[in-house]
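Biologist: I am new to this structure and would like a close look at a single part of it. Please take me through that part slowly, and then show me how the neighbouring pieces are arranged.

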Amino acid sequence: MDFARDILPLKDRLYRLALRLTMQHEEAEDIVQDTLLKLWNIVSRGGQIENIDAYAITMCRNLALDRLRQNSRHIVSYDSETMPEAPGENPYDRIFVKEGVEIVNTLMARMPEKLRTCMQLRDFEGMSYHDISQALAISEDQVRVNIFRARKFIKENLDGLS
């Protein structure tokens, strides 16, 4: 197994997951670095990993949750650095989008961790139900239920704002 070919391409997906869980750039970067290092140590010592994506996501999620428990930090919303600016974009549209993202982030921060993680992996990372179930060690049916509940939670709370 080659680090640059097999493991390094996972870093962006792992970063987005860690950022969604911790909501802190520096913490997410540290978690991804730790994940990649631990993953490479396992692989370089001859460890066999059946599904490296699911294994890496599980490891990253566990490290992020451990850090959150250790630091007892509260989840906050993304800052404007995470939102790319489109060329020629109207500043008013940008404010509207930014406020929408902040509302959704606030709502996601209120939802239980399993719902938030399932929604992140499915809707933001595009993972299949099967891969999510492997990464989180739950059944595919439970993944579907968690995603349904997460989307319902967002919709109900967005409807309550209007």
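Modeller: In this predicted model, R122 lies over the face of Y129, at 4.2 Å from the ring centre. A second arginine is placed in a similar way, since R20 lies over the face of F124, with 4.7 Å to the ring centre. Aromatic pairs are another matter, for a search of the whole structure finds zero of them.

R122 also leads to the next residue to look at, R151, which touches M119, R122 and D123 when residues up to four places away in sequence are left out of the count. R151 has its place in helix α8, which covers residues 140–161. With a relative accessibility of 38%, R151 counts as partly exposed, because that class lies between the limit of under 20% for buried and that of over 50% for exposed. In sequence R151 and M108 are 43 residues apart, while in space their C-alpha atoms are 9.7 Å apart.

Helix α6 takes in residues 113–124, and its axis comes within 13 Å of the axis of helix α4, residues 52–71, the two crossing at roughly 140°. That angle makes α4 oblique to α6, because only angles over 145 degrees would count as roughly antiparallel. The crossing in which α4 passes α6 is right-handed. On the α4 side the residues that meet the other helix are I57, R61 and L65, and on the α6 side they are E113, K114, T117 and L121.

From α4 one can move on to T35, a residue of helix α3, which runs over residues 25–44. T35 touches L14, A56, M59, C60 and L63, again not counting residues up to four places away in sequence. Its relative accessible area is 0%, so T35 is buried, the limit for that class being under 20%.

T35 also takes part in the packing of α3 against helix α2, residues 11–22, where the axes are 8 Å apart and the angle is about 135°. The two helices are therefore oblique to each other, and their crossing is right-handed. The contact is made on the α2 side by K11, L14, Y15, A18, L19 and T22, and on the α3 side by H25, E27, A28, E29, I31, V32, T35 and L36. L14 thus appears both among the residues that T35 touches and among those of α2 in this contact.

Key: Residues numbered from 1 in each chain as written. Predicted model: local features only at pLDDT ≥ 70, side-chain atom pairs only at ≥ 80, totals over all residues. Heavy atoms only, no water. Helix = DSSP H or I, 4+ residues; strand = E, 2+ residues; numbered from the N terminus. Buried < 20%, exposed > 50% of the residue type's maximum accessible area, 1.4 Å probe, protein only. Contact = heavy atoms within 4.5 Å. Phe/Tyr/Trp six-rings, centres within 6.5 Å; stacked < 30°, edge-to-face > 60°. Lys NZ or Arg CZ within 6 Å of the ring centre and 35° of its normal. Axes fitted to C-alpha atoms, helices over the stretch in contact; angles between N-to-C directions. Parallel < 35°, antiparallel > 145°, perpendicular 65-115°, else oblique. Left-handed = near helix turned anticlockwise from the far one by under 90°.
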